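User: Hi! I would like to learn how the labels in a structure description are decided. Could you walk me through a few?

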Amino acid sequence: MKPVKVPPGLGDREPPDTAPDTARDTTWAGEARAAAGCATALLAALLVVDAVDGGTEAWRVVLWIALAVLLFMILLPARVSAAPGRLSVRGLWSRQTVHTERLVSVRWSNGVAQRLVLRDKDGGRAELDPQVLIDNPPLWRLVDSAARTSLRDGTLLCGQTALHQMQRRIDRETARLVFRASGL
């Protein structure tokens with residue numbers, strides 16, 4: 001077997017997802033499994049009810065599978081990753097990337113599910129569940145340090161309050177975890 005020659009400069013870099021200065025949502029896999037479990041449970045329940053009711057027909061099985069797939073797509077969380085100066089949120093069909101060192105605004109999007117919306121100077125936009133940042137301190141540290149750079153450089157015009165609120169939420173959760181671990 002012949003050794004494969006790698007052009008200079010290509011073999012010495014790590015892939016973006018495994019580089020030591022990147023951070024990923026560590027809870028994503030569990031949430032994706034939970035989404036798959038809910039979809040599977042719905043499909044099983046629909047098939048059982050259909051079978052008990054008098055038998056299943058092919059068109060109904062296809063309909064139940066389509067409903068289960070739809071539920072899975074709705075429940076599947078976006079995959080969040082960060083590197084110095086960059087935050088990416090990847091959904092099923094889209095990828096949103098924002099340059100966190102050039103942020104222009106950070107705001108809360110209130111609704112049924114609270115979201116944190118970040119916009120950069122280049123028009124990039126990323127929307128994510130703030131719980132992802134709370135559950136993943138390395139992600140938050142990368143976003144926070146880059147946002148401080150934006151604030152220092154004067155590009156972050158709107159969003160200092162949202163960042164402070166996020167920091168307070170993370171501090172509260174950290175204190176809660178410390179108290180729980182210490183038995184208080």
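Analyst: Happy to! Glu127 forms a salt bridge with Arg115, their closest N and O atoms being 3.9 Å apart. The model is predicted: local features need pLDDT of at least 70 and side-chain atom pairs count only at pLDDT 80 or more, while totals for chains, interfaces and linings use all residues. Residues are numbered from 1 along each chain as its sequence is written, and side-chain values use heavy atoms, leaving out hydrogens and water.

User: Why is the pair Glu127 and Arg115 called a salt bridge?

Analyst: A salt bridge is a side-chain nitrogen of Lys or Arg within 4 Å of a carboxyl oxygen of Asp or Glu. The N and O atoms of Arg115 and Glu127 are 3.9 Å apart, so the pair fits the rule.

User: What makes Asp144 and Arg148 a salt bridge?

Analyst: Their closest N and O atoms are 3.0 Å apart, so this pair meets that rule too. By this rule the count comes to six salt bridges.

User: Why does Asp144 count as buried or exposed?

Analyst: Buried means under 20% relative accessible area, exposed over 50%, and partly exposed in between (1.4 Å probe, protein chains only). Asp144 has 14% relative accessibility, so it counts as buried.

User: And what about Cys38?

Analyst: Cys38 has 41% relative accessibility, so it counts as partly exposed.

User: How many disulfides does a search of the whole structure find?

Analyst: The search finds zero disulfides, a disulfide being a pair of cysteine sulfur atoms within 2.5 Å.
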